[in-house]
Amino acid sequence: MFEPLIHSFWVTIQPDVMLAITGGVILGILFGAMPGLTATMAIALLIPLTFGMQPLVALGMLAGVHNGASYGGAIPAVLLRIPGTPGAICTTFDGYPMSKQGLARTALWIAVVSSAVGGMVSAISLMLLSPPLARVTLAFGPPEIFWVNVFGLASIAVLLGDDPVKGLLASLFGLLLGCVGIDMVTGHERFTFDILYLVSGLPLLIVLVGLYAMPPAWEMAEEANLTGVTQKDLEFKDSRGIDLPLGELLATWARSCVIGIIIGILPGVGGTAGGFIAYNEVRRASRDPDSFGKGNPMGVACAESANNADNAAAMIPALTLGVPGSGLAALMLGALLIHGLQPGPQLFREAPDIVFGYMWAMFISSGLLIVFGGMMATRLFAQILRLPQVLLMPLIIAITVIGAYTFQNSFFDVYMMLLFGFVGFLMERLKFPIAPTILGLVLGDKAEFNMRTSLLMGQGDPAILFTRPISQAVIVLVVLVLLYPVWRWWQEKRRGRAGEDFRHEPPLGGE
């Protein structure tokens, strides 16, 4: 394990890879600092531009964007009480009150250092946990891999979003998209409508860019925001400085990083949930819980460290099992496939420099946050908030069109990208999550192939899918995930009934 890890480190610190990581961090902070431009959108825009790069250079840039955008969302969260990214929601609770108290400089420093700590700890967990988990997956045959794929689809569909039914429908839509093209077993064409471009299936890159990058651009055009944030709103007040107890800060980082890593590994939960759980846990353990929400520095520290601890941890199941831990990890999984890298144990054998190099890129980019997220850089990046969003819309569309066309030098890809952009826009309006659709497209053909291979192994007997011990364990997990919404509904109904009984309870001594 340690030999490829050390060798990949020297490969990662080569000038071209380091330049890509550095550029990704800077670009990620810029995207995160602008509300509406998330890490997901940044990666979706960059994937087409990385198509001609070496895999490690491309993944290094995407790793930088991933970590940079996670911190960048803290800048408007602290200064304006506007979370630049969904993961920065908890940062607003104490970051903005600190800013109003004249502690904006201190709050941003806590945010950037906490983000760096969370990202580096998460990258270390990725290095330590992925190889042994990959070795465990060597015991998985076609039946087990089929159920793992089903578990990934079910967990993302049910847990990612507020409506499990819409999540499942989005997954089924992704599975339908994955059926387009030639059947891998029989060789027959499916859903191609005699269109030559569809014989090889829907290009994952085109679908990714269309569903993720185009809808935010159209929303910007719809809002037609002609003014940005004023210079006065971005003024940094003179910070009076405060004493930060190192012991309490270290304990906050440790608690939040552990929570963020665990939440990141769980498919479909995501960094936003990790931030809320870590915030509540740190507040519960604090000696002064009432100070949270009023400008407690530990609130900023726990929110940012938990948010960034999710980043690399979500890639642990993605690299080893092909099951991403978050919607953004699903996007990164698509980037791996586009660059010819197949997740699973074979990835660690066939391309150790690339997979471990990606882990080092996640670690290095987290450290670079302190360099580029310092006060001078933060002042500079905050100015992006002054740019009217309506000016960003044509730039985003131009980048997506150029990226779609250069993928295969085909205008058909551009038309497909625009079509899926419209589909993504409708899905967001109707509150359908997009990540299950992407995962359905990514895992659908694998699930189908492994199911049909299993049936061939069992000579047509479907019992082979249910009788193997590992398969049965994964089936139990699938059932638990599917029953979770029912359990949650029952709990809410039970609490509602208890509240109703309490309201109707007569006062003491009354009738």
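How much accessible surface does the protein chain have, and what share of that surface belongs to carbon and sulfur atoms? In this predicted model, the total comes to about 22400 Å², with 67% of it belonging to carbon and sulfur atoms. The chain runs to 511 residues, and 54% of them count as buried. As for secondary structure, there are 23 helices and two strands. Contacts often reach far along the sequence: among those with a separation of 6 or more, 79% are between residues 24 or more positions apart.

Helix α23 is a good place to start looking around. Trp490 has its place in this helix, which covers residues 469-504. With a relative accessibility of 43%, Trp490 counts as partly exposed. Trp490 also belongs to a nonpolar surface patch, together with Val479, Leu483, Tyr484, Val486, Trp487 and Trp489. Taken together, the residues of this patch have about 730 Å² of accessible area.

Ser471 is found in helix α23 too, but its surroundings are another story. Its relative accessible area is 0%, so Ser471 is buried. Leaving aside residues up to four places away in sequence, Ser471 touches Pro143, Glu144, Trp147 and Leu465.

One of those contacts, Glu144, leads on to the salt bridges. The structure holds five of them. In general, side chains of opposite charge can pair when their charged atoms come close. Glu144 pairs with Arg468, and their closest N and O atoms are 2.8 Å apart. This salt bridge joins distant parts of the chain, as Glu144 sits in helix α8 (residues 142-159) while Arg468 is in the loop between α22 (464-467) and α23, 324 residues apart. Is Glu144 buried or exposed? Its relative accessible area is 3%, so Glu144 is buried. Arg468, by contrast, is partly exposed, because its relative accessible area is 27%.

Another group of charged residues forms a network of salt bridges, made up of Asp183, Arg190, Glu448 and Arg452. Within this network, Asp183 bridges to Arg190, with the closest N and O atoms 3.7 Å apart. Both Asp183 and Arg190 are buried. Glu448 and Arg452 form a salt bridge as well, and here the closest N and O atoms are 2.9 Å apart. These two share helix α21 (residues 435-457), where they are four residues apart, or about one turn of the helix. Arg452 is partly exposed, given its relative accessible area of 21%.

Aromatic rings also find partners in this model. How many aromatic pairs are there? The count comes to eleven. Tyr405 and Phe411 make up one tilted pair, because their ring planes are at 45 degrees, with the ring centres 4.9 Å apart. Tyr405 has a relative accessible area of 31%, so this residue is partly exposed. Elsewhere, Phe9, Trp10, Trp360 and Phe363 are linked by ring pairs into a cluster. A ring can have a charge for company too: the charged end of Lys166 sits over the ring of Phe432, 5.4 Å from the ring's centre.

Next comes helix α17, which covers residues 352-372 and is home to Val355. Val355 has just 4% relative accessibility and therefore counts as buried. Setting aside residues up to four places away in sequence, Val355 touches Leu319, Leu347 and Phe348. The C-alpha atom of Val355 is 9.0 Å from that of Leu341, a residue 14 positions away along the chain.

Finally, there are two backbone oddities to point out. Most residues other than glycine have a negative phi. Phe193 is not a glycine, yet has a positive phi of about 55 degrees. Phe193 lies in the loop between β2 (189-190) and α10 (204-223). With a relative accessible area of 66%, Phe193 is exposed. Gln459 is not a glycine either, and its phi is positive, at about 55 degrees. What is the setting of Gln459? Gln459 is found in the loop between α21 and α22. Its relative accessibility is 77%, so Gln459 counts as exposed.

Definitions and conventions: Residues numbered from 1 in each chain as written. Predicted model: local features only at pLDDT ≥ 70, side-chain atom pairs only at ≥ 80, totals over all residues. Heavy atoms only, no water. Patch = residues over 30% accessible without salt bridge, like charges linked within 9 Å, V, L, I, M, F, W, Y side chains within 5 Å. Areas by Shrake-Rupley, 256 points an atom, 1.4 Å probe, with all protein chains shown as cover. Salt bridge = Lys/Arg side-chain N within 4 Å of Asp/Glu carboxyl O. Buried < 20%, exposed > 50% of the residue type's maximum accessible area, 1.4 Å probe, protein only. Phe/Tyr/Trp six-rings, centres within 6.5 Å; stacked < 30°, edge-to-face > 60°. Lys NZ or Arg CZ within 6 Å of the ring centre and 35° of its normal. Contact = heavy atoms within 4.5 Å.
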